[in-house]
Amino acid sequence: MIRKFFSSTAEIPDAPPVPRHIAIIMDGNGRWAKKRLMPRVAGHVQGVERVRNVIKSCADRGVEFLTLFAFSSENWRRPADEVTKLMELFVMALEREVDKLNRNGIRLRIIGDLSRFDDKLRKLIADGEAATAKHTRLTLTVAANYGGRWDIMQAVNAWRAEHPHSHAINEDALAEHLSMAYAPEPDLFIRTGGEQRISNFLLWQLAYTELYFTKTLWPDFDAATLDAAIASYQKRERRFGRTSEQLVQS
Ligand code: IPE
Ligand code: IPE
Ligand code: MG
């Protein structure tokens, strides 16, 4: 496969004024619910509602790729009943929303280690991806049972299976086998909920991404929060290793 996209470390990519790819850690559902004396799952329900909104806002602004962290490979450590509820919500969202994605020209992709999901969920994922595969307006990627370390390891293993006699993998070959090889690296990363960490999200792909952290809890995230993040992104000087003077010259 020939990748269409620049690697930020192998070449100097362009820095589009509207981020071409936004990746979001949707955090703070539990605290949102707690503040209202509601069970944590109520925060997750509200969080799913917000997803619909942010997809539309991104599509309206010309963002081509939106990647949402829905469930990390470490989230299995949560109480069993919360994990069960999160899986139920994921199933419900897939059952309800795929038609709408289709009507709006949105392609759905799911990344993560799907082997841990049951057959029903895996079929919904495969069907949803197939039904929306031809769309080009916006690619919505949902990271589910995803971990950045898992992604790098599975890429190395997939490459090794194809090249049993080679010794050294290079950057390009690794990137081609990552689960988001179909997308450019994120321009803008947003984490809601106030925490300033990556939590094993897209470790490889975030190498040169602009990071934006907001205290806004995910269920309160709206178009204004998105615009504040994009405005912050637009003020950044993306140097990719160069000096400021070099940027002015070019
Ligand atoms: C993010 O919200 C949703 C998932 C991790 C599934 P949290 O559930 O982590 O909310 P807080 O961080 O406890 O507030
Ligand atoms: C990160 O949120 C994962 C998702 C939003 C799906 P967490 O709330 O699980 O992250 P940590 O554990 O606080 O770092
Ligand atoms: Mg959290």
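The following paragraphs go through a predicted model of a protein with two ligands, from the overall fold to the surroundings of each ligand.

The fold comes first. The protein contains eight helices and six strands. Read from the N terminus, these elements follow the order β-α-α-β-α-β-α-β-α-α-β-β-α-α. The protein has a radius of gyration of 18 Å, and the globule rule gives 18 Å for 250 residues, so the protein is as compact as a globular protein of that length. The C-alpha trace spans about 55 × 45 × 35 Å along its principal axes.

Ligand 1 comes next. Which residues surround ligand 1? A run of them stands together in the sequence: M26, D27, G28, N29, G30 and R31. The others are R40, H44, A70, N75, R78 and L86. Sorted by class, this shell holds three nonpolar, five polar and four charged residues. Which element gives the most to this shell? Helix α1 does, with three residues. Two elements, α1 (29–35) and α2 (40–60), each give two or more residues to the shell around ligand 1.

Several polar atoms of the protein lie within 3.5 Å of oxygen atoms of ligand 1. From the backbone, a polar atom of G28 is 3.4 Å from an oxygen atom of the ligand, and a polar atom of N29 is 3.1 Å from an oxygen atom of the ligand. From a side chain, a polar atom of R31 is 2.7 Å from an oxygen atom of ligand 1. How much of ligand 1 does the protein bury? On its own, ligand 1 exposes 380 Å², and the protein buries 87% of that area. The space that ligand 1 takes is the largest pocket.

Ligand 2 can be described in the same order. The residues around ligand 2 include I25, M26 and D27, then F69, A70, F71 and S72. N75, R78, R191, R197 and S199 complete the list. Some names recur from the first shell: M26, D27, A70, N75 and R78 are found around ligand 1 and also around ligand 2. By class, the shell around ligand 2 divides into five nonpolar, three polar and four charged residues. Strand β2 (residues 65–72) provides the largest share of this shell, with four residues.

Which side chains place a polar atom by an oxygen atom of ligand 2? N75 is one of them, with a side-chain atom 2.9 Å from an oxygen atom of the ligand. R78 has a polar side-chain atom 3.2 Å from an oxygen atom of ligand 2, and for R191 the distance is also 3.2 Å. Taken alone, ligand 2 exposes 380 Å², of which the protein buries 79%. The space taken by ligand 2 is the largest pocket, and this is also what was said of the space taken by ligand 1.

Definitions and conventions
Residues numbered from 1 in each chain as written. Chains lettered and ligands numbered in written order. Predicted model: local features only at pLDDT ≥ 70, side-chain atom pairs only at ≥ 80, totals over all residues. Heavy atoms only, no water. Near = heavy atom within 4 Å. Polar contact = N/O pair within 3.5 Å; in protein donor to acceptor, adjacent residues only side chain to side chain. Areas by Shrake-Rupley, 256 points an atom, 1.4 Å probe, with all protein chains shown as cover. 1 Å grid on protein atoms, 1.4 Å probe; cavity = no way out; pocket = protein on both sides within 12 Å on 5 of 7 lines; lining within 4 Å. Sits in = over half its atoms within 2 Å of the grid points. Nonpolar A, V, L, I, M, F, W, Y, C, P; charged D, E, K, R; others polar. Rg over C-alpha atoms; globule rule 2.2 N^0.38 Å.
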